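Welcome, and thanks for bringing your viewer along. Please load the model and get your selection tool ready for a short walk.

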Amino acid sequence: MVTSVQPQVGRAFLGHYDAAPFAYHDAFASMGATGIEPVTGLMDVARNAGWWWAMPHTAVLTERPTILHRDRDGRLHHETGPALAYPDGFSIHAWHGTRVPADLVECGWDTQRILTEPNAEIRRCAIERVGWDQFIADAGLTQIGESVPDPGNPGHTLALYDAPEALYDEPVRVLLCTNGSVERDGTRRKFGLTVPASIDDPIHAAAWTFGWPVAEYRDLEVRR
């Protein structure tokens, strides 16, 4: 599917996404400049359409989206509704760039629905929407040892949990971490990382995710 679509996307004109460069021409035209006639047709399309394709005797134009939401990394994302929607009703629900079912975003899934979802990426998105703390409690994940201060993220902790067999395709444990970056609303997002089931220490698990020796990761706290 991706292979067949990519060439067509590469041939598309950008429509309203070309508005910025055409605004340059429009500004000079408003001041009486001449010579922009060759691009006035493209400017009209940019005012009224989205992506479009020009062919010898036919043109295919698309509507501009009525809804477009992205996260700070530019990925399609919306926490309560469609991230992308068009006037004809077509829409895409997405969680930080991953396309997900509409009810995951608009209603949220319970633990059983999450555990029975066959797609690992969609399962991850569903857990993030619920929140890892809540999911761990609802799913009854067993903590391995105690929570410990995170040497790489002062003021926050690391916790290691056994993961149910239904959650992942192989035996793993989940390391619950706190994002080092602050979200736009001032909060810090918690997230779970999978680590080998043989690891039984949160610091060791965190070091493993970075590919560092355990001693070096522990030393981060001292160096601060």
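Before the first stop, one cut-off is useful: an angle of 65 to 115 degrees between two axes counts as roughly perpendicular. Keep in mind, too, that you are looking at a predicted model.

**Stop 1: α6 and α7**

Select residues 120-130 for α6 and 132-139 for α7. The two helices pack with their axes 6 Å apart, at an angle of about 105 degrees. α6 and α7 are therefore roughly perpendicular to each other. To see where they touch, show the side chains of Ile 127, Glu 128 and Val 130 on α6, then those of Trp 132, Gln 134 and Phe 135 on α7. Colour this contact by class and you should find four nonpolar residues, one polar and one charged.

**Stop 2: the largest pocket**

Keep α6 and α7 selected, since each of them gives two or more residues to the lining of the largest pocket. Of the elements, α6 gives the most, with three residues. Now turn on a pocket surface: about 760 Å³ of space lies in this pocket. Which residues lie nearest its centre? Pick out His 77, Glu 79, His 96, Glu 183 and Arg 189, which belong to a lining of 24 residues. What is the make-up of that lining by class? Here 15 residues are charged, seven are polar and two are nonpolar.

**Stop 3: His 96**

Stay with one of those central residues and zoom in on His 96. You will find His 96 in the loop between β6 (94-95) and β7 (98-99). Check its backbone torsion: phi of His 96 is near 50 degrees, a positive value. For comparison, most residues other than glycine have a negative phi.

**Stop 4: α2 and α3**

For the last stop, select α2 at residues 19-30 and α3 at residues 40-48. Their axes are 10 Å apart and the packing angle is about 120 degrees. α2 and α3 are therefore oblique to each other, and their crossing is left-handed. On the α2 side, show Phe 22, His 25 and Asp 26; on the α3 side, show Leu 42, Met 43, Ala 46 and Arg 47. This contact holds four nonpolar residues, one polar and two charged.

Definitions and conventions:
Residues are numbered from 1 along each chain as its sequence is written. This is a predicted model: local features need pLDDT of at least 70, side-chain atom pairs count only at pLDDT 80 or more; totals for chains, interfaces and linings use all residues. Side-chain values use heavy atoms; hydrogens and water are left out. Axes are lines fitted to C-alpha atoms, for helices over the stretch in contact, and angles run from 0 to 180 degrees between N-to-C directions. Helices (H or I, at least four residues) and strands (E, at least two) are DSSP runs, numbered from the N terminus. Angles under 35 degrees count as roughly parallel, over 145 as roughly antiparallel, 65 to 115 as roughly perpendicular and the rest as oblique. A crossing is left-handed if the near helix is turned anticlockwise from the far one by less than a right angle, and right-handed if clockwise. Contact means heavy atoms within 4.5 Å. Ala, Val, Leu, Ile, Met, Phe, Trp, Tyr, Cys and Pro count as nonpolar, Asp, Glu, Lys and Arg as charged, and the others, Gly among them, as polar. On a 1 Å grid over the protein atoms alone, a cavity is a set of points where a 1.4 Å probe fits but cannot get out, and a pocket is an open set with protein on both sides within 12 Å along at least five of seven lines; lining residues have an atom within 4 Å of a point. Grid points are joined across faces, edges and corners, and a volume is the space filled by probe spheres set on the points.
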